[in-house]
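I opened a fresh page for this one and wrote down what I looked up, entry by entry. Here is the model I had on screen.

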Amino acid sequence: MSRAALVSTVGGPPLALLSRSWRVELVGAVAEWRALEAARRPYVLLAWHEAMLPLLWHHRGTGMTIVVSEGREGRYLAAYAKRLGYRESRGSSSRGGVRAMLGAVRALRAGGTAAFTPDGPRGPRQVFKGGGVLAAQRAGVPIVPVHAHAARAWRAGSWDRLLIPKPFALVRIAYGGIFEPGQGPDTIKVDEERAKQELAEAVRKAELSPE
């Protein structure tokens, strides 16, 4: 058993117990997201790296493909995500990124969904990189921006200030405006700007005042 798998095996059950205690509230373009799910239409999920724990839990069991880095953190994330029913496409903006994106595009064209963290794997925090938008373009699927926030939470000391909601915390998950990307290289910058704006709107909607 790899070290990442061992950490996931030992840490997975306590983390799942913590996650089950959260009270989840969905806001924003929830009906549109549910319509995509009901139609089983593939899409690209875009989320900042800091929100990955509650979002992994919320979208568990869907068979979604997540793009994870080839570094140690990526291996730990992939091992935990696999326990929740995710598939993985390895790579990042700095290592194996093209391979990872092509793997995600294959999953999308096969009818699956794929998740990207546009500021991963090393940041800077909430600084947008466009691999997810390009994958959506190539596969011809919509983009679903989403963010999660909890007022009662711990923050990791990592570059992304990873959000770890406390037991029984209210976790608000906000979906930004879902949109269809254009086709061709001349529209990529426009789509990236739209994705940034919709992610910013999801962050705004997800913010909570102290409980």
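**Entry 1: aromatic pairs.** Before counting, I fixed the rule: rings of Phe, Tyr and Trp (its six-membered ring) pair if their centres lie within 6.5 Å, with planes under 30 degrees apart called stacked and over 60 edge-to-face. I also reminded myself that this is a predicted model. How many aromatic pairs does the rule give? I noted a count of 2 aromatic pairs.

I looked up tryptophan 33 and tyrosine 175: the ring centres are 4.8 Å apart and the planes stand at 15 degrees, so I wrote this pair down as stacked. The two partners come from distant parts of the chain, 142 residues apart, with tryptophan 33 in helix α2 (residues 30-39) and tyrosine 175 in strand β9 (residues 170-175). Are these rings buried or exposed? Tryptophan 33 counts as buried because its relative accessibility is 9%, and tyrosine 175 is buried at 0%.

My next stop was tryptophan 48 with phenylalanine 128, an edge-to-face pair at 6.3 Å centre to centre and 85 degrees between the planes. Tryptophan 48 sits in the loop between β2 (44-46) and α3 (52-58), phenylalanine 128 in the loop between β5 (114-116) and α6 (131-139), so the pair ties together parts that are 80 residues apart in sequence. I marked tryptophan 48 and phenylalanine 128 as buried.

**Entry 2: a charge over a ring.** What lies over the face of tryptophan 57? I found arginine 60 there, at 3.9 Å from the ring centre.

**Entry 3: strand β9.** Having met β9 through tyrosine 175, I went back to see how covered the strand is. I found 6 of its 6 residues buried. That takes in both faces: Leu170, Arg172 and Ala174 lie on one side, and Val171, Ile173 and Tyr175 on the other.

Which strands pair with β9? Strand β1 (residues 23-28) runs parallel to β9, joined by 6 bridges, and valine 24 is the residue I found opposite valine 171. I also noted β6, which pairs with β9 in the antiparallel sense over 5 bridges. There, alanine 148 has isoleucine 173 of β9 as its bridge partner.

**Entry 4: helix α7.** I checked the span of α7 (residues 188-206) next. Its 19 residues reach 27 Å from first C-alpha to last, close to the 27 Å expected at 1.5 Å a residue.

I listed its buried residues as Ile188, Asp191, Glu192, Ala195, Glu198, Leu199, Ala202, Val203 and Ala206. They cover an arc of only 145 degrees around the axis, so they fall on the same side of α7. I recalled why such spacing works: an α-helix has 3.6 residues a turn, so residues three or four places apart point the same way. On the other side of α7, I noted Lys189, Val190 and Gln197 as exposed.

What do the buried residues of α7 pack against? I wrote down β2, α6, β6 (143-150) and β9.

**Entry 5: valine 203.** I picked one residue of α7 for a closer look, valine 203. It is buried, because its relative accessible area is 15% and the cut-off for buried is under 20%. Leaving aside residues up to four places away in sequence, valine 203 touches Trp48 and His147. I also looked up the C-alpha separation of valine 203 and proline 145, and it is 9.6 Å, with their places 58 residues apart along the chain.

Note on methods: Residues are numbered from 1 along each chain as its sequence is written. This is a predicted model: local features need pLDDT of at least 70, side-chain atom pairs count only at pLDDT 80 or more; totals for chains, interfaces and linings use all residues. Side-chain values use heavy atoms; hydrogens and water are left out. Helices (H or I, at least four residues) and strands (E, at least two) are DSSP runs, numbered from the N terminus. Buried means under 20% relative accessible area, exposed over 50%, partly exposed in between (1.4 Å probe, protein chains only). A charge sits over a ring if NZ of Lys or CZ of Arg is within 6 Å of the ring centre and within 35 degrees of the ring normal. The expected span of a helix is 1.5 Å times one less than its number of residues. The arc is that of the directions from the helix axis to the C-beta atoms. Contact means heavy atoms within 4.5 Å. Two strands pair if DSSP finds at least two bridges between them.
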